[in-house]
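Let's practise reading a protein model together. Keep the sequence and the 3D view side by side as you work.

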Amino acid sequence: MRYALIGCGRISPNHIMAAKNNGLEIAAICDIDPSCMEDKMLKFKLDKGTGCYMDYQEMIEREKPELVAICTESGKHAEIALFCIEHGCHCMIEKPIALSIADADAIISASIKHHVKVCACHQNRFNKSVQIIREAIDMNRFGRLFYGTAHVRWCRDHEYFDRASWRGTWEQDGGALMNQCIHNIDLLRWMMGSEIDEVIGMTDRLNHPYIEAEDMGIALIKFKNGSYGIVEGTTDIYPKNLEETLYIFGEKGTVKAGGQSVNVIEEWRFSDMLDDPEDVKAKFHENPPNVYGYGHTPLYFDVIGAIQQDRQPYVNAMEGKKALELVLAIYKSAAEGHSIKLPLEQCATTDFKGRF
């Protein structure tokens, strides 16, 4: 399967390795900075026949890849995805899938019209720890779900934002919730029942006066199934990343996943006693080198299968929209000072320009 990568920045190594691990033919890579492409060509020993392009449209038209990964700044995701979809390419879009409800809807509609698969890159759904929690939910081991909490307590310093001028802007990124915390926000919504009644949130910019968006956000979520959610996300932790955790509390079970990117089971308690908690902790434990984890390789495997079997990817475009919608609802609640009912008909990060 011919594959192309658009955007050779911070997350691109995970995509290249996942493509190689799944036996894809890396036909071409694209970036507006030639040095980024040169670096990836050397680092990953890509074939000399791999095309290098500064213009993604030219690359798509000349190389005609079957599958494209979009790893640019978030504000460009929708524009690039729509072009690729219209040219018959299946797409994997880094989070967030877009920065507005309208763009997410356009991607979903275009994928249906052109009969292509679109995956939102929420790779943490493939963590061993996350998979075993999801299995427990599907087996109703928790009984009635009471509430879940998602915490991302990370550090992003001045140097991080200096390395890319789009970071922390409303037009191209958003803040801590949209960039750093959306993976865990996706997991919380997915685990707790997906459909949301209302959201109330607060956001602030406490320690990064040089960015436009928030560096701290807190939210309460009421799900339609009667359960609740709590989100706490920040890039203000001193002096380095502390943790990313997910708690699920139910009538008959309590679970905590922690570690760098919810890749470690830290608590596993169920009234049915179907398994030994210590065995679960030992078996479903990963120690990735960074917060991106190991999820990209199984994510790619699933998308390739979806294309070959003509089915939806495990994390399809609609799932990507749901994670985006929840973050936008938190932003809207924080800006307007009241709770927000879902679904959101319209909302975009650019609605919050000048917020701080």
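Here are four short exercises, each with a worked solution.

Before you start, note that this is a predicted model, in which local features need pLDDT of at least 70, side-chain atom pairs count only at pLDDT 80 or more, and totals for chains, interfaces and linings use all residues. Residues are numbered from 1 along each chain as its sequence is written, and side-chain values use heavy atoms, leaving out hydrogens and water.

**Exercise 1.** Find out how far helix α1 is enclosed by the rest of the structure.

*Solution.* Step one: locate α1 at residues 12-21; helices here are DSSP runs of H or I with at least four residues, strands are runs of E with at least two, and both are numbered from the N terminus. Step two: look for buried residues (buried means under 20% relative accessible area, exposed over 50%, partly exposed in between, with a 1.4 Å probe and protein chains only). These are S12, P13, N14, H15, I16, A18 and A19. Step three: seven of the ten residues are buried, so α1 is largely enclosed.

**Exercise 2.** Decide how helices α4 and α5 are oriented to each other.

*Solution.* Step one: take the angle between α4 (residues 77-86) and α5 (residues 101-113), which is about 10 degrees, with the axes 10 Å apart. Axes are lines fitted to C-alpha atoms, for helices over the stretch in contact, and angles run from 0 to 180 degrees between N-to-C directions. Step two: apply the cut-offs (under 35 degrees is roughly parallel, over 145 roughly antiparallel, 65 to 115 roughly perpendicular, the rest oblique). The two helices, α4 and α5, are therefore roughly parallel.

**Exercise 3.** Is K321 buried or exposed, and which residues does K321 touch?

*Solution.* Step one: find K321 in helix α12, residues 317-336. Step two: K321 counts as buried because its relative accessibility is 15%. Step three: list its contacts (heavy atoms within 4.5 Å). Not counting residues up to four places away in sequence, K321 touches I97, I101, A104, D105 and I108.

**Exercise 4.** Look for unusual backbone geometry, remembering that most residues other than glycine have a negative phi, and most peptide bonds are trans.

*Solution.* Step one: check the peptide bonds. The bond from K95 to P96 is cis, with omega near -15 degrees, and the bond from Y238 to P239 is cis, with omega near -5 degrees. Step two: check phi. H115 is not a glycine, yet has a positive phi of about 55 degrees. Step three: place H115 in the loop between α5 and β6, where H115 is exposed at 68% relative accessible area.
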